[in-house]
Amino acid sequence: MRTARVGLRLTPGQRERCFGLLASAGDVWACVLDMNRWRRQRGLPAVASYQALCRELSAAGPGTFGELDTKGARSVLRRYSDAWFAAAKRRKDGDASARFPRRKRRLVPVRYYHGIFTLEDQRLRLPAGRGWPPLRVRLDRQVPYPIEQVRSVTLLNEGRRLFVEVTAEVPVATYEPGTEPDPDRVAGVDPGVIHPFAVAGPDKEGLIVSGRAIRTETHLHLKDGKYRRRTMAARAPKPGQVGSRRWRKFRARQRKLEARHKRRVRQAQHEAAKTVIGWAVQRRIGTLVIGDPRGVLGLNAGRRHNKRVRDWRVGYLLRCLKDKAEQAGIRVVLVDERGTSSTCPSCDRRVPKPTGRRFTCMHCGFSGHRDLVGGANIARRGPGGTITTKNPFPVVITHRRAGRHLPGTGPARRDPRRRPHHGTVKRSNGRPRPAPPPWGVARPKRGSTNTAKTTNVG
Ligand SMILES: [Zn+2]
């Protein structure tokens, strides 16, 4: 299953109807929450199964939720039911922090499954409730999947922007004989904050994807947000007050910027994952062993590092990579990455974790890129921590940069496809200037009078 997000081209009327649908979905969501709270207060069990919720919906009768039709309302019930059972399962497994859905939201995404909507070319037709004409909207680009593979569309908003998420069942990629990924060729992937992925492959080849652009984006966003909040703090409404128009504008702007930031980071993470998969397919790598750092992320490491870890969004990053690998026909193995960046790949002895990017072994004198050391060690870990294969440490390293679309980013400095740096390119000499004054003569001050100029020439 693959999902792509597509923007919408809407008239003001269509826009209003779309937001109406999302608001109605929010009403459905709030009704379910209210119903279950009411039941809990009376000691009754919660209604959580999809079928039972659907019965409650049909008891409410048609037309309760504005323009939203039954199918759309049921998708909200499905969302609630899935969230409820996921929380129940986590609680049963001993995670006391897992909570059942409890927060009301004004706008909730609506999903339409195959057969309910029609999608042709760039036009999408969504059903509306009884007595309403169907909603026809235009997409701002072609859906990147063949139409017959599309399984569902989800209408959602981010701030004031509307999107549809198109989910399609895309078959696994096929290859010409002799070029398909070979499961015996293993590459280890070390996910990191500075380099989202460092991959150590067979044949002494490695790939490093730089994520500095993502970190810069995160940093600038944080700084900008801080400044905005500080200037507006005095205008925040008191409890029970309605915010001023200016405050509401500020809030809208804030939401817009948050949404943009999220989109930028996600796009960059997808780019990083795509780079890795493209690289792996080219080298016929059939197994990616990925180091999973999530075991150690719960530890408190101070506010700065905690923030860094949260901004990393490693769950999403790994999900991107896994999805794309499965699509390309590459097997994915997740292993615990503990200790992989502090073990020497050459002599297997523990070395204190390096502070910089360079790993040096004090026992055998081995030296290499720290993240690739992690990747090489991960490649050797099979499921359950067993040492399986031994790839030689990469010598040929490919450098790529994620987040090329972010402001102020270009190709990686070590990318040979990069055009020459502007400082080293031969340029014109510019306008002719007088020769500098001979040694010992005072240089005229900038913007001084003509007399100074004449002495200079003389
Ligand atoms: Zn060593």
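## Exercises on helices, a sheet and a loop

**Exercise 1.** Work out whether the end-to-end distance of helix α3 in this predicted model agrees or disagrees with its number of residues.

*Solution.* Start with the count: helix α3 covers residues 70-92, which is 23 residues. At 1.5 Å a residue, such a helix should span 33 Å, the rise being multiplied by one less than the number of residues. Now look at the model: the end C-alpha atoms are 32 Å apart, so the two values agree.

**Exercise 2.** Find what the buried residues of α3 pack against, and what Gly94 does just after the helix.

*Solution.* First, collect the buried residues of α3: Gly72, Ala73, Arg74, Ser75, Val76, Leu77, Arg79, Tyr80, Ser81 and Trp84. Next, look for their partners, which are α1, α2 (50-60) and β2. Finally, step just past the end of α3, where Gly94 takes a positive phi of about 100°.

**Exercise 3.** Give the strand order of the seven-stranded open sheet, then place helix α1 on it.

*Solution.* Follow the pairings across the sheet and you get β2-β6-β7-β1-β5-β4-β3, with antiparallel pairing. The edges are β2 (110-113) and β3 (118-120), each of which pairs on one side only. From one strand to the next, the twist averages 30°. For a closer look at one pair, take β6 (residues 150-158) and β7 (residues 161-168), antiparallel and joined over eight bridges; here Ser152 stands opposite Thr167 of β7. Last, add α1 (residues 12-41): this helix lies across β2, β5 (135-139), β6 and β7, and runs at about 95° to β6.

**Exercise 4.** Decide whether Gln122 is buried, partly exposed or exposed, and name its contacts.

*Solution.* Locate Gln122 in the loop between β3 and β4 (123-126). Count its C-beta neighbours inside 10 Å: there are 15. Buried needs 20 or more and exposed 12 or fewer, so Gln122 is partly exposed. Beyond its neighbours within four places in sequence, Gln122 is in contact with Arg138, Leu139 and Gln142. Val143 is 21 residues away along the chain, yet the C-alpha atoms of Gln122 and Val143 are separated by 7.4 Å.

**Exercise 5.** Show how the buried and exposed residues are arranged around α4.

*Solution.* The buried residues of α4 (residues 212-232) are Ala213, Ile214, Glu217 and Thr218. They cover an arc of only 135° around the axis, so they sit on the same side of α4. Turned away from that buried side is a face with the exposed residues His219, Lys223, Lys226, Tyr227, Arg230 and Thr231. To finish, see what covers the buried residues: α5 (245-282), α6 (303-312) and β15 (396-401) are included.

Conventions: Residues are numbered from 1 along each chain as its sequence is written. This is a predicted model: local features need pLDDT of at least 70, side-chain atom pairs count only at pLDDT 80 or more; totals for chains, interfaces and linings use all residues. Two strands pair if DSSP finds at least two bridges between them. Helices (H or I, at least four residues) and strands (E, at least two) are DSSP runs, numbered from the N terminus. Axes are lines fitted to C-alpha atoms, for helices over the stretch in contact, and angles run from 0 to 180 degrees between N-to-C directions. Two residues are in contact if their C-beta atoms, placed from the backbone, lie within 7 Å. The arc is that of the directions from the helix axis to the C-beta atoms.
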